[in-house]
Amino acid sequence: MKKLLHIDKNIPGIVMVNVLVICTLLLSYACTSQSDIPTKVKYQNIKIETCNADTLNIYHILAPETEKTEQKFPLIIVLDPHGSGLYAVQNFQPAVSLFPCLIAGSDLIKNNFPDFENAILQLIQDVEMKYPVDEQIIILAGFSGGARMAYYFSVKYRVKGLIMCGAGPGKQKPSCPVFMIAGMGDFNFAEQYVRPDIASFDKLQRTNSFFHGAHEWPKENQLADALLFLLRDSKNMEKLCDKRSSDLLQSADSLTKNEDYLMAWQALEKAAKISGNKSLKKKALKHGNNMLKSEDFQKALRTLENDLRREQEIQHTCIQAMSTKNFSWWKDELSKLNQKLNNSSGTEADHFLRIKGFIGILFYSQINNLIHSDPDNSSLETLLKSYAFAEPENPDPYYFMALHARQNGNREACEENRNKAIKLGFSDKEKLKKIMF
């Protein structure tokens, strides 16, 4: 890094930088005139690189094919919570097919990585040495734990923008605008939710976008809107942003008719922010004010907020149950929850998804703590069995079972659960070494 990123021990600064990034989905947003449709960018195959300063700091990178040696490109650093740089790059790849840029995903940085800030700096510096990076155009993005690390980095260092998927920011303000994306059924949804307010249409430092889903990477249209928001002032973006805002306004009408009120509100907020067109913003504001006056919308908000309050109470009960309830209790409660989830739809289903997701992450956290700090704890057997019942398709319960069996010298149980974990997709090589006899 040269000038853009530097530690500021007092107040993080905001760097005003122009950027241009477009995505695959935006082909459908482009103006009808063929001359307005961007040419699809030719990219090289995704490559694996190793940082010169640290051979353990490996990353995957997507780079455009170019004959212009003087051309420089914006850089997007993407962090996956499991350290899958390839998966992270592949998730963002469709979002940049119409604009040349560099996307780098770390294979080293993952949840609980202690020195992630220096590793990110090192990664950026390495990409700058090997690729034509525009040093004033750097965006941090991540999912779940990766989003949290990207956030903390943006608090300490100056960057152009921040995209947080499946997690919300802390109390400290980042050095840049932040665009947050979460599924309505994500157990971290409450971290991003703020009650709709027409004033938010003018607040560019924070934008929320929701989708119907759980704790997962967002779809390409969500990432597309995030990039358009962060790069809305870039050269030659006016028509594209106007078209997208116009489409969002139409989408808001359709969503309102379908009584998908919060999604309609999100479409209006994005329509107001992505485009600089005063007429389009005026339409978004008018629709937004009408929505706020709607008793149906207010009722939907009250229902959602009541659900979130109830979830806090349920979370407290579940935390206490971790050390007090047996497997029969957990099996009964989880069966009831699954039945409710299967028989529900819409916002009610989102409510049960958030509860189920929270219980899953609670099991993971509790077991991960005990199995390393207190492996003889009598509650471990119950927790392991309950976790597997709660999430039978998740490889993590079986990895923990294998590790627990390894700790107790049970080769047969260790190998059986290790094979189950691998079959379900467990691929962390370092952790797999720990459950080898």
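**View 1. Q222, a buried residue of helix 5.** With a relative accessibility of 6%, Q222 counts as buried, where buried means under 20% relative accessible area, exposed over 50%, and partly exposed in between, using a 1.4 Å probe and protein chains only. Q222 lies in helix 5, residues 220-230. Helices (H or I, at least four residues) and strands (E, at least two) are DSSP runs, numbered from the N terminus. Leaving out residues up to four places away in sequence, Q222 touches F179, I181, S209, F210, F211 and K270; contact means heavy atoms within 4.5 Å. Keep in mind that this is a predicted model, in which local features need pLDDT of at least 70, side-chain atom pairs count only at pLDDT 80 or more, and totals for chains, interfaces and linings use all residues. Residues are numbered from 1 along each chain as its sequence is written, and side-chain values use heavy atoms, with hydrogens and water left out.

**View 2. S209, a contact of Q222.** S209 sits in strand 8 and is buried, at 0% relative accessibility. Not counting neighbours within four places in sequence, S209 is in contact with F179, M180, I181, A182, Q222, Q266 and K270. The C-alpha atoms of S209 and N408 are separated by 47 Å, and these two residues are 199 residues apart along the chain.

**View 3. The open sheet of 8 strands.** Follow the order 1-2-4-3-5-6-7-8 across this sheet, whose pairing is mixed; two strands pair if DSSP finds at least two bridges between them. At the edges are strand 1 (47-50) and strand 8 (206-211), each pairing on one side only. On average, neighbouring strands of this sheet are turned by 20° against each other, direction ignored. Axes are lines fitted to C-alpha atoms, for helices over the stretch in contact, and angles run from 0 to 180 degrees between N-to-C directions. Strand 1 pairs with strand 2 (residues 58-62) in the antiparallel sense over 4 bridges, and E49 stands opposite Y59 in strand 2. Helix 7 (residues 261-274) packs on the sheet, where it touches strand 7 (178-183) and strand 8. The direction of helix 7 makes about 140° with that of strand 8.

**View 4. I103 and the largest nonpolar core.** In soluble globular proteins, nonpolar side chains tend to be buried together. A nonpolar core is a set of buried Ala, Val, Leu, Ile, Met, Phe, Trp, Tyr and Cys residues joined through side-chain atoms within 4.5 Å. The largest one here has 59 residues, and I76, F92, I103 and I163 have the most contacts inside it. Helix 7 provides the largest share of this core, 10 residues. Apart from neighbours within four places in sequence, the contacts of I103 include I76, V78, V89 and F92.

**View 5. L249 in helix 6.** L249 belongs to helix 6, residues 238-257. Is L249 buried or exposed? L249 is buried, with a relative accessible area of 10%. Residues up to four places away in sequence aside, L249 touches L268, A271, L280, K283 and A284. The C-alpha atoms of L249 and A226 are separated by 17 Å, with their positions 23 residues apart along the chain counted as the distance apart.
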